[in-house]
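This report describes selected local features of a single model, moving from a loop residue to a helix and then to a charged pair. The sequence and structure are shown first.

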Amino acid sequence: MSAKILIVDDEIDIVSMLGSFFESKGFCILSATNGTEALKQVERQPDIILLDINMPGIDGLEVCERIRDHITSLKCGDRLRNENSLTLHLLTICAPLSRY
């Protein structure tokens, strides 16, 4: 089974470009164009999240905080999955890709 990457950006062209690239490398792609969609997609347990910081509505920082809070509450609950399954690797895209 290939690793799942969640790509979150309010610019659809960026989501499409990154999705195409990583899909061509054999990854399973999940996508969201806003923070609310991202939080729903997190339920599908992506292995990596590429997250834009500057988005309207729920921004990337708020998404990170909500994911962190959710993981913390899961670790404190009675029914726990293997702690390793709760690890999320968050990579934030802070600058336009054209700079690189």
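A residue is called exposed when its relative accessible area is over 50%, buried when that area is under 20%, and partly exposed in between. The model is predicted, and in it I12, D13, E23 and S24 of helix α1 are exposed. On the other side of α1, I14, V15, L18, G19 and F22 are buried. These buried residues cover an arc of only 125 degrees around the axis, which puts them on the same side of α1. As to length, the 13 residues of α1 should span 18 Å at 1.5 Å a residue, and the end C-alpha atoms are indeed 18 Å apart, which agrees. Just after α1, G26 adopts a positive phi of about 100 degrees.

Ahead of this helix, D9 sits in the loop that runs between β1 (4-8) and α1 (12-24). A polar atom of the D9 side chain lies 2.8 Å from the backbone nitrogen of E11. When neighbours within four places in sequence are left aside, D9 is in contact with I14, V15, A32, T33, D52 and M55.

The structure holds one salt bridge, in which the side chains of R66 and E62 meet at 2.9 Å, N to O. Because R66 and E62 are four residues apart in helix α3 (residues 60-76), about one helical turn separates them.

The accessibility of the three charged residues discussed individually is as follows.

| Residue | Relative accessible area | Class |
|---|---|---|
| D9 | 3% | buried |
| E62 | 29% | partly exposed |
| R66 | 39% | partly exposed |

Notes: Residues numbered from 1 in each chain as written. Predicted model: local features only at pLDDT ≥ 70, side-chain atom pairs only at ≥ 80, totals over all residues. Heavy atoms only, no water. Helix = DSSP H or I, 4+ residues; strand = E, 2+ residues; numbered from the N terminus. Buried < 20%, exposed > 50% of the residue type's maximum accessible area, 1.4 Å probe, protein only. Polar contact = N/O pair within 3.5 Å; in protein donor to acceptor, adjacent residues only side chain to side chain. Contact = heavy atoms within 4.5 Å. Expected span 1.5 Å × (residues − 1). Arc of directions from axis to C-beta. Salt bridge = Lys/Arg side-chain N within 4 Å of Asp/Glu carboxyl O.
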